[in-house]
Amino acid sequence: MIEQAAWDSALAAIKAARSVTVVGHVHPDGDALGSVLALSLALRRLGLEVTASFPEPYELPTALAILPGRELLIEPGRVPAVPELLIAVDTASLARLGTLADRVDTAGTVLVIDHHASNTGFGQLRLIDPDAAAAGMVVAGLLDRLGITYDVSIASCLYAAISSDTGSFRFGSTTAEVHRLAARLLEMASLSEHDLQRFAEASRRIAARFGPDLFAEGLDGAAMTAINLQQKRLGLMDRALLFAAARYGR
Ligand SMILES: [Mn+2]
């Protein structure tokens, strides 16, 4: 459980910052890297200048080399000597920051986002929830409070984070809250941007042929029929088509 005052301070620090450095622990796992990248992608979307990294040895584990957002990663040696805002994720102690630990002394502000009960309490600002199954759960809570809607990339990184630290949803830490977030992420992650674009183009073609009003009317009618009959749940593809049509078709 994280106190409201801690959320408020963290949000204020992020909103006041122009640049941010997000770092994970030495030899990053799925939670560390997934959380770092999800947060980095979200903060970049908010307009901050973002760099992300983890301590030496700077080797990306093969299984995690496919994560979206990895282009934001820079070698630890290139991390600014005096970061404006340093966010350390999934790091229980200074030692876990290895070759980047000195940045905690030089940074203007340090925010620690973690879920280890053993966290030593470094940094001025802390979002630490020992009950959270993963640092990714705390990051998800932060993104919700920042008003960030997940895109496929953010969803994929958060999914990597929580599935990693729950042993693929087998450990006792796998709460209902974990499953609720996983469901949200799966719904997002199963549809590619390419598919959404394809749906959008199809919608534009149909609207051009039949006119936007007739198209929208037909679509609304079809959606209401599907919902009213409840013979089958509206599938992901149907919803994506409706979403794309609503966004681009009219
Ligand atoms: Mn973790």
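Trainee: In what order do the elements of the protein run from the N terminus on?

Mentor: Let's begin with the overall layout; keep in mind that this is a predicted model. The protein has nine helices and five strands. Following the chain from the N terminus, the elements run α-β-α-β-β-α-β-β-α-α-α-α-α-α.

Trainee: Thanks! How are the strands ordered in the sheet?

Mentor: The sheet is an open one of five strands, and the pairing is parallel. Its twist averages 15° from one strand to the next. The order is β2-β1-β3-β4-β5.

Trainee: Which strands stand at the edges, each with a single partner strand?

Mentor: Strands of a sheet pair through backbone hydrogen bonds, either parallel or antiparallel. A strand at the edge here has a single partner strand, so one side of it is left without a neighbour in the sheet. The strands in that position are β2 and β5 (125–128).

Trainee: Is strand β1 largely enclosed or largely open?

Mentor: Good one to reason through! A residue counts as buried if 20 or more other C-beta atoms lie within 10 Å of its own. In β1 (residues 19–23), four of the five residues are buried, so the strand is largely enclosed by the rest of the structure.

Trainee: And over how many bridges do β1 and β2 pair?

Mentor: The two strands, β1 and β2 (residues 49–53), pair in the parallel sense. As an example of residues facing each other, Thr21 stands opposite Thr51 in β2. The number of bridges between β1 and β2 is five.

Trainee: What is the handedness of the β-α-β crossover from β1 to β2?

Mentor: Follow the chain as it leaves β1, goes through α2 and arrives at β2. That helix, α2, packs on the sheet and touches β1, β2 and β3, and its direction makes about 170° with that of β2. The crossover is right-handed.

Trainee: In β3, which residue is the bridge partner of Val20?

Mentor: Here we look at β1 and strand β3 (residues 85–89), which pair in the parallel sense over four bridges. Within β3, the bridge partner of Val20 is Leu85.

Trainee: Moving along, which residue in β5 does Leu111 stand opposite?

Mentor: Strand β4 (residues 109–114) and β5 run parallel and are joined by four bridges. Helix α1 (residues 4–16) lies across β3, β4 and β5, running at about 125° to β5. The residue opposite Leu111 is Leu125.

Trainee: Which helix gives the largest share of the largest nonpolar core?

Mentor: That core holds 55 residues, and Ala38, Ile87, Val89, Val139 and Leu158 touch the most other members. Its largest share, nine residues, comes from helix α2 (residues 30–45).

Trainee: With which residues is Ile87 in contact, leaving aside its neighbours within four places in sequence?

Mentor: Ile87 is among the core residues that touch the most other members. Setting those sequence neighbours within four places aside, the contacts of Ile87 are Val20, Val22, Leu39, Leu111 and Ile113.

Trainee: How do the residues of the contact of α4 with α5 divide into nonpolar, polar and charged?

Mentor: Helix α4 (residues 135–145) and helix α5 (residues 152–165) pack at an angle of about 145°, with their axes 8 Å apart. From α4 come Ala135, Gly136, Met137, Val139 and Ala140, while α5 brings Leu158, Ala161 and Ile162. They divide into seven nonpolar, one polar and no charged.

Trainee: Where is the cis peptide bond that has an omega of about 0°?

Mentor: Most residues other than glycine have a negative phi, and most peptide bonds are trans. Look at Pro57, in the loop between β2 and β3. The cis bond joins Glu56 and Pro57.

Trainee: Is Asp90 buried or exposed?

Mentor: Asp90 lies in the loop between β3 and α3 (103–106), and has a positive phi of about 65° although it is not a glycine. The cut-off for being buried is 20 or more other C-beta atoms within 10 Å. Because Asp90 has 30 C-beta neighbours inside 10 Å, it counts as buried.

Trainee: Last one: how far apart in space are Pro68 and Gly34?

Mentor: Pro68 sits in the loop between β2 and β3, and is partly exposed, with 19 other C-beta atoms within 10 Å. Not counting residues up to four places away in sequence, Pro68 touches Leu37, Ser153, Ser156 and Cys157. Pro68 and Gly34 are 34 residues apart in sequence, and their C-alpha to C-alpha distance is 8.9 Å.

How values were computed:
Residues are numbered from 1 along each chain as its sequence is written. This is a predicted model: local features need pLDDT of at least 70, side-chain atom pairs count only at pLDDT 80 or more; totals for chains, interfaces and linings use all residues. A nonpolar core is a set of buried Ala, Val, Leu, Ile, Met, Phe, Trp, Tyr and Cys residues joined through C-beta atoms within 7 Å. A residue is buried if 20 or more other C-beta atoms lie within 10 Å of its own, exposed if 12 or fewer, and partly exposed in between; C-beta atoms are placed from the backbone. Two residues are in contact if their C-beta atoms, placed from the backbone, lie within 7 Å. Two strands pair if DSSP finds at least two bridges between them. A crossover is right-handed if, with the strands pointing away from the viewer, the path from the first strand over the helix to the second runs clockwise. Axes are lines fitted to C-alpha atoms, for helices over the stretch in contact, and angles run from 0 to 180 degrees between N-to-C directions. Ala, Val, Leu, Ile, Met, Phe, Trp, Tyr, Cys and Pro count as nonpolar, Asp, Glu, Lys and Arg as charged, and the others, Gly among them, as polar.
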